[in-house]
Amino acid sequence: QSSEEARLQAQQEEAARLEKERIEQEQMEKLEAKDQERRESELAELHSLEQKFLAAQQWKTDYRAHAKWEHYLSCDGSPDPTVLQEINAFMSLWREDQNEDIQLVMEKGEQVLNLIQKLQFLLLDTPPNEVTEKETVQYQESILELQNLLHQKYNGATEHMLKAANMHEDSDTGNMQAVIKDKNVTFCIWANLKKKVRFKNHMFCDTQHGFDLPKSLAVSSVAVRILHTHYDHVSPLWLHCQSVPKLEVLDSKELTQHSKGSVEEPEEEEKKAREEPDVPAEEETCSDGRKSAISVKENGNSIADINETGEETEKKSEILDIPSQVQDPLMQEETNEKEEAITDENIIDLQQFVPVGGVYHIDVLQLPPQVKQIKDWRMVEVLDVGLEAYPYPPEETEDGTRPPVRITLRLSDNVMYFEDPVIARWDPAGQQWRTDGISNITYETQEGSITFEMGAFYTIALLQDAHLNMPYQAWELRPTGMDEALLTVTAVFATIQIQIKGNRCMLSSVAVEEKDVLSHVTGKWISPLDLRAVLKKAGVNIFPGEYSHKYVSVNKKAPLAEVRAYQQMALVASAFAFAWSKWNLEAGQEQVVFKVSEHLKADSVRGKDWSLYMFNGQKAQKLKITETSEAFSEELEEGSEFHSTLYHMLKDFASKEAIDKVETASFLFIDVVYQLLLATRVLTYS
């Protein structure tokens, strides 16, 4: 009897469950149908909001033209670095100038660095349709020539100083020593006039750089120069001309849709992707002549994930009309990558480790003939050889040993080393940084100095893992006023706050263990591109590069979902706050999950005001779960519906004031928010 009852009860429960599922299924189908019905009108509304991106593009184009014209009108004597005649005239005039005073070289150096910076900015900022391949190559060649000329001038100034070394003897040791510095360069020089073994080591007191020479050098006519440039003109040029990786929306979208068997008109999609002003993705010819097609690996991966053969991909691109240039660089990149895998472990991989704190040129030089004072005359023997390096280690040594040189460098205060830096030397023949030839490294954390030995005199850099602040632990973007917002990225070692206002942004603070650091770069209104350069130079990298996914465990997302999310977040950033959600990890590759709250006041968002939203680029929904729920579920919030855009999804729950704010937000503000989201990639690198 009882088993019969149990069977009946089980049947009833099963029937009730099926009925509930059927009702839920019907409900979902109704919502899906409703979403499909209004899809076209929603996309049209979104499209008119997205015109703001095009307005920003146009504004930037006009601004560039205006800046060129302003420069032309100013007639301030400084060359326009984009005009070949002007920049060449500037360089040849300086080459011919015989004045080799170090102070003068430093002043002129400041101007040269500004010209280089302008050219680098143009290479990164100008969209591919506004600059020809020929101009790109010309700008890069001008940069390299300016860098070389500046270094030659420092060599000339060094020789000029050394000829009169005996006029500046140090009363204690009888040798000459000098330190000259400005914000770009620290120049330390020591001349061994007395050749006494007991003075074989020297510490430049106001820089705390020093050396300890082997006996053979201490008794020779030599000079030692430590030229610390706070910039890096040694590494290959591509390192400083990397644009924000381009995320192609096309293929991932087409591929995911294709696999589901429902394809939207690719022409429309393609037109849109062309119009959507992503960050410029020009192919850049780098100084070493390599082409680096800047189109992010994400696409490569999404194609590779489906494990297709080349033929299938080709067929598919015919059906879907994916422009061929989207695919070629990827295929080409895959092959390049295999060839370029670095086999020698002493060679630094510059995708993984980057020089921080500039470059230290450490040289041992031959002391030129000294000035002689004869009555009222000063005479000097002139040798026409320029600045000569002293051969060390010597070819032949009597006992076959080559004692090393001991060097101490004080680390720069203007950069952050979150871990002990890697010391590397420049290998001019191989055009790469190497770690061999350097030994006995000791790192004094308290003093902020590093001591090591090297077998010869090298150009040295201190390198840091480019990704040690990734993946981020959290992020938040919230409006703080009309066309103003604050982006906070909580990285592994530092918390970075960036204020956004109109078309500018400002690094408002970098905090490490609750302490504010890098005060010399905070509080200045600059462009997003400059902000990226300033932070990377200071050793705080929150900008994933083209290959970063190889070095960081990334929360991989379909480019479609990621890019569209950034675009639509930017469009509504004037009235809505967004933040990291732990559920983004659980939501799968096709969709992103984040916290959202309408936010019209300048204070911070309270915990209970956040709601969770999920978006895949084509469908948005509000989730029932909260950040503290037990498990992830895609169940919809009670009484909510699907929408084709994030904007319409938020509109369902938003006040009129918030939507008015979204509609009146300035296109420049929206563009800066979008650029920062694309540059930090918070949805995949958190």
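In which sense, parallel or antiparallel, do β3 and strand β4 (residues 209–212) pair, and over how many bridges? In this predicted model, the two strands pair in the antiparallel sense, and 4 bridges hold the pairing.

**A sheet and its strands**

One of the residue pairs across these strands is F204, which stands opposite H209 in β4. The hairpin that β3 and β4 form has 4 residues between the strands, and within this hairpin Q208 takes a positive phi near 65°. In a regular strand the side chains alternate between the two faces of the sheet. β3 shows two such faces, since H202 and F204 belong to a covered face, while N201 and M203 belong to an uncovered one.

The hairpin is part of an open sheet of 5 strands, whose order is β3-β4-β11-β15-β14 and whose pairing is antiparallel. At its edges lie β3 (201–204) and β14 (438–444), each of which pairs on one side only. On average, neighbouring strands of this sheet are turned by 10° against each other, if direction is ignored. Strands of a sheet pair through backbone hydrogen bonds, either parallel or antiparallel. Strand β11 (residues 405–410) and strand β15 (residues 449–454) run antiparallel and are joined by 6 bridges, and here V405 stands opposite M454 in β15.

**The chain and its cores**

The secondary structure of the whole chain comes to 15 helices and 26 strands, and 51% of its 686 residues count as buried. Among contacts between residues at least 6 apart in sequence, 70% join residues at least 24 apart. The accessible surface comes to about 32,900 Å², and 50% of this belongs to carbon and sulfur atoms.

In soluble globular proteins, nonpolar side chains tend to be buried together. The largest nonpolar core here has 73 residues, of which I496, I500, F578 and F594 touch the most other members. Helix α15 (residues 667–680) gives the largest share of this core, 9 residues. Beyond its neighbours within four places in sequence, I500 is in contact with several residues, including L477, W525, F669, V672 and L676. Another core lies apart from the largest one; it has 39 residues, among them I87, M106, L113 and C241.

Is E546 buried or exposed? E546 counts as buried because its relative accessible area is 9%, which is under 20%. This residue is found in the loop between α11 (528–537) and α12 (559–572). Although E546 and Q242 are 304 residues apart in sequence, they are 8.4 Å apart in space, C-alpha to C-alpha.

**Backbone angles worth locating**

Most residues other than glycine have a negative phi, and most peptide bonds are trans. The table lists two cis peptide bonds with their omega values and the places of their prolines.

| Cis peptide bond | Omega | Place of the proline |
|---|---|---|
| Y392 to P393 | near 0° | P393: loop between β10 (377–379) and β11 |
| M470 to P471 | about -10° | P471: loop between β16 (459–465) and β17 (474–481) |

K195, which is not a glycine, has a positive phi of about 55°. K195 is found in the loop between β2 (185–191) and β3, and K195 is partly exposed, with a relative accessible area of 35%. N440 is not a glycine either, and has a positive phi of about 45°; N440 is found in strand β14.

**Confidence in the model**

The chain averages a pLDDT of 83, and 85% of the residues score at least 70. Over residues 250–339, however, pLDDT stays under 50, and for this stretch the model has 162 contacts beyond four places in sequence.

Key:
Residues numbered from 1 in each chain as written. Predicted model: local features only at pLDDT ≥ 70, side-chain atom pairs only at ≥ 80, totals over all residues. Heavy atoms only, no water. pLDDT = per-residue confidence, 0-100. Contact = heavy atoms within 4.5 Å. Pairing = 2+ DSSP bridges. Axes fitted to C-alpha atoms, helices over the stretch in contact; angles between N-to-C directions. Buried < 20%, exposed > 50% of the residue type's maximum accessible area, 1.4 Å probe, protein only. Areas by Shrake-Rupley, 256 points an atom, 1.4 Å probe, with all protein chains shown as cover. Core = buried A, V, L, I, M, F, W, Y, C linked by side-chain atoms within 4.5 Å.
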